[in-house]
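Hi,

Here's the structure I promised to pass on. Have a look at it first, and then read my notes underneath.

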Amino acid sequence: MNATKRDHHEVEIDGLRRALPLFEVAPGLRIAVFNLLGDTEVVGAAATALAQKLRSVDADALVTAETKSVPLVYELARLLEKPWVVLRKSYKPYMGDALRDETLSITTGTPQTLYLDEKDRPLVVDRRVVLVDDVISTGSTVEAMRRLMEAVGATIVGESAVFTEGDAPRQDEVISLGHLPLFSAAG
């Protein structure tokens, strides 16, 4: 079985180098796909570097959306000694009276719903939170996270990601480790 030969974009995360494969996500548009799932070294390096940048942020909890940023927020929460909340992408009956909001991610291209589990509400109601994602590109996932947090009276004191991408909204306000460009399909 032959693997497809793909162009790559090189990145460095706190001294670790990785080659991110380029995938076409829309006609004429390719992105460098950063997937830290299964890469323990990158999760550790990214969390350590982001924790240094977040130490001065007065937050009570960290909030992320399922799935790729879950190991990152876990390690960040451990390093910063903060509770963490995962906004789920599907509803389960044990989530009780969950709040929900819709988003459209560049990587999926289809609407997704984020759910705040009833049991997690006390961690964020009227609390100061940092929104965490692996990559912030269009900002749609972060905006859905923001709306859910505002619905429970949380104050967003920061947004953080390993990378911003393209023309990410408010990218200069995002606490990140770097920026990923967008690529044309032609090269």
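So what covers the buried residues of helix 1? In this predicted model, the cover includes strand 1 (8-13), strand 2 (16-26), helix 2 (70-80), strand 8 (128-136), strand 9 (155-165) and strand 10 (175-180). The buried residues themselves are Val 42, Val 43, Ala 45, Ala 46, Ala 47, Ala 49, Leu 50, Ala 51 and Leu 54. If you want to find helix 1, look at residues 40-54. Those 15 residues reach 20 Å from the first C-alpha to the last, close to the expected 21 Å. A handy thing to remember here: an α-helix has 3.6 residues a turn, so residues three or four places apart point the same way.

Next, the sheets. One is an open sheet of 5 strands, with parallel pairing and the order 5-4-8-9-10. Why do strand 5 (84-87) and strand 10 each have one side without a neighbour in the sheet? Both stand at the edges with a single partner strand, so there is nothing in the sheet on the other side. On average, neighbouring strands here are turned by 25 degrees against each other, direction ignored. Helix 1 packs on this sheet, where it touches strand 8, strand 9 and strand 10, and its direction makes about 125 degrees with that of strand 10. Helix 4 (residues 140-151) packs on the sheet too, touching strand 4, strand 5, strand 8 and strand 9. The direction of helix 4 makes about 165 degrees with that of strand 8. For a closer look at one pair, try strand 4 (residues 61-65) and strand 5, which run parallel and are joined by 4 bridges. There you'll see Leu 62 opposite Trp 84.

There's also an open sheet of 4 strands, in the order 1-2-3-11, and its pairing is antiparallel. Its edges are strand 1 and strand 11 (182-184); each has a single partner strand, so one side of each lacks a neighbour in the sheet. The twist from one strand to the next averages 35 degrees. Strand 1 pairs with strand 2 over 6 bridges, and Glu 12 stands opposite Arg 17. Helix 1 turns up again here: it packs on this sheet and touches strand 1 and strand 2, with its direction at about 100 degrees to that of strand 2.

Last, how many cavities of 30 Å³ or more does a search of the whole structure find? Just 1, holding about 40 Å³ of space. Its lining is made up of Ile 136, Gly 139, Val 142, Glu 143, Glu 159, Pro 169 and Arg 170.

Cheers

Key:
Residues are numbered from 1 along each chain as its sequence is written. This is a predicted model: local features need pLDDT of at least 70, side-chain atom pairs count only at pLDDT 80 or more; totals for chains, interfaces and linings use all residues. Side-chain values use heavy atoms; hydrogens and water are left out. Helices (H or I, at least four residues) and strands (E, at least two) are DSSP runs, numbered from the N terminus. The expected span of a helix is 1.5 Å times one less than its number of residues. Buried means under 20% relative accessible area, exposed over 50%, partly exposed in between (1.4 Å probe, protein chains only). Contact means heavy atoms within 4.5 Å. Two strands pair if DSSP finds at least two bridges between them. Axes are lines fitted to C-alpha atoms, for helices over the stretch in contact, and angles run from 0 to 180 degrees between N-to-C directions. On a 1 Å grid over the protein atoms alone, a cavity is a set of points where a 1.4 Å probe fits but cannot get out, and a pocket is an open set with protein on both sides within 12 Å along at least five of seven lines; lining residues have an atom within 4 Å of a point. Grid points are joined across faces, edges and corners, and a volume is the space filled by probe spheres set on the points.
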